[in-house]
Amino acid sequence: MRLGVFTALLSQMPLDGVIAKMKSLGITTIELGTGNYPGDPHCKLSMLDNPAELDEFRKKLQDNGLSISALSCHGNALHPDRDIGAPHREVSRKTIELAHRLGVPVVIDFSGCPGDSNKSRHPNWVTCPWPTEYLDLLNWQWDRRVAPYWKEHGKFAADHGVKVAVEMHPGFVVYNPETMLRLRSIAGKAVGCNYDPSHMFWQGIDPIAAIRLLGEVIFHVHAKDTQMYPSNLPLTGVLDTKKYTDERNRSWIFRTVGYGHGEEWWAEFISTLRMFGYDNVLSIEHEDSLLSPEEGLTKAIDFLDTIVIREQPSAAWWV
């Protein structure tokens, strides 16, 4: 197991600054965004059309001893508004192409969420089976939107020798292990999951038990925590739509690892990942509204360093 960092939390820094920061922290593996929701200037898709720029980018990381665990393009390729959905699809495909060119094994994305008809402008996330029109809508979404897109996209990834790791997240059609496995049965073995335990916690899913259900489907892992607030939970339940910055009143918020659950829990989480075949990267993702990116990153590294014996990549991504 080794530690990595999703550099979106350092998006205000140029790539050279990110590299210097990673070296100062002893991090040798990074996850880079390419666009869509977490726009990140550190990895530009324009490199696909500029071989010299691509070679310069590759050499810069190589010279500084950095490997890439994944390219991330979290978006909604199924968005019913074509002005949003079409560009997200293009970014997703180009990210797979760039990963192929760079030799990066994994691309991270969301499953997407369609609307409720051919005339929709907004996504419609179904959360209940009754009245029965909700199930009719859910079946329509999977049959008419999800399956056709992901069959094609899964094949596109496989043809490029790249795996797509879907991040299970409420608001999209894949948000739990059941829907993840359903999508994989449609899209093929090139599609698996980017496992973020913070998204399991707030749905009331035991993240460690879910590893046993997913097993080999886990392609990549985010290190991010969630803190639940029992004083607020009875009022709102887990489907809390208050802004993440309204920490006092929310039933839960995302936290830096160690601030939601302690060392014993994280040690068991990492051990279970290894038990079920994942012994790769823990990519630190910072979305803690109570800590600055600097605080969150350094505290996460310090915390995980007490649990993980860092290992270097077995092979360079640029070979």
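**Figure 1. Close-up of the residues that line the largest cavity of this predicted model**. In the largest cavity, the lining is made up of A223, K224, R255, T256, V257, I284, E285, H286, G296 and A300. When these lining residues are sorted by class, four are nonpolar, three are polar and three are charged. The space inside the largest cavity comes to about 30 Å³, and the count of cavities of 30 Å³ or more, by the rule used here, is one. As general background for this view and the next, rolling a probe the size of a water molecule over the atoms shows where empty space is left.

**Figure 2. Close-up of the largest pocket in the predicted model**. The largest pocket holds about 390 Å³ of space. It is lined by 18 residues, and those closest to the centre of the pocket are K224, F254, E285, H286 and E287. Divided by class, the lining of the largest pocket consists of seven nonpolar, six polar and five charged residues. Readers may wish to look for K224, E285 and H286 in both views, since these residues are named in the lining of the largest cavity and also among those closest to the centre of the largest pocket.

**Figure 3. Close-up of helix α5 and helix α7**. In general, two packed helices are described by the angle between their axes and the distance between the axes. Helix α5, which covers residues 177-187, and helix α7, which covers residues 207-214, have axes that come within 10 Å and cross at roughly 20°. Because an angle under 35 degrees counts as roughly parallel, α5 is described as roughly parallel to α7. The crossing of these two helices, α5 and α7, is right-handed. From α5, the residues P177, M180 and L181 meet A210, L213 and L214 of α7, and the residues of this contact comprise six nonpolar, no polar and no charged.

**Figure 4. Close-up of helix α1 and helix α10**. Helix α1, made up of residues 15-25, packs with helix α10, made up of residues 293-305, at an angle of about 35°, and the axes of the two helices lie 11 Å apart. The crossing of α1 and α10 is right-handed, as is the crossing of α5 and α7 in the preceding view. On the α1 side of the contact are K21, M22 and L25, which meet E294, L297, T298 and I301 on the α10 side. By class, the residues of the contact between α1 and α10 are four nonpolar, one polar and two charged.

Conventions:
Residues numbered from 1 in each chain as written. Predicted model: local features only at pLDDT ≥ 70, side-chain atom pairs only at ≥ 80, totals over all residues. Heavy atoms only, no water. 1 Å grid on protein atoms, 1.4 Å probe; cavity = no way out; pocket = protein on both sides within 12 Å on 5 of 7 lines; lining within 4 Å. Points joined across faces, edges and corners; volume = space filled by probe spheres on them. Nonpolar A, V, L, I, M, F, W, Y, C, P; charged D, E, K, R; others polar. Axes fitted to C-alpha atoms, helices over the stretch in contact; angles between N-to-C directions. Helix = DSSP H or I, 4+ residues; strand = E, 2+ residues; numbered from the N terminus. Parallel < 35°, antiparallel > 145°, perpendicular 65-115°, else oblique. Left-handed = near helix turned anticlockwise from the far one by under 90°. Contact = heavy atoms within 4.5 Å.
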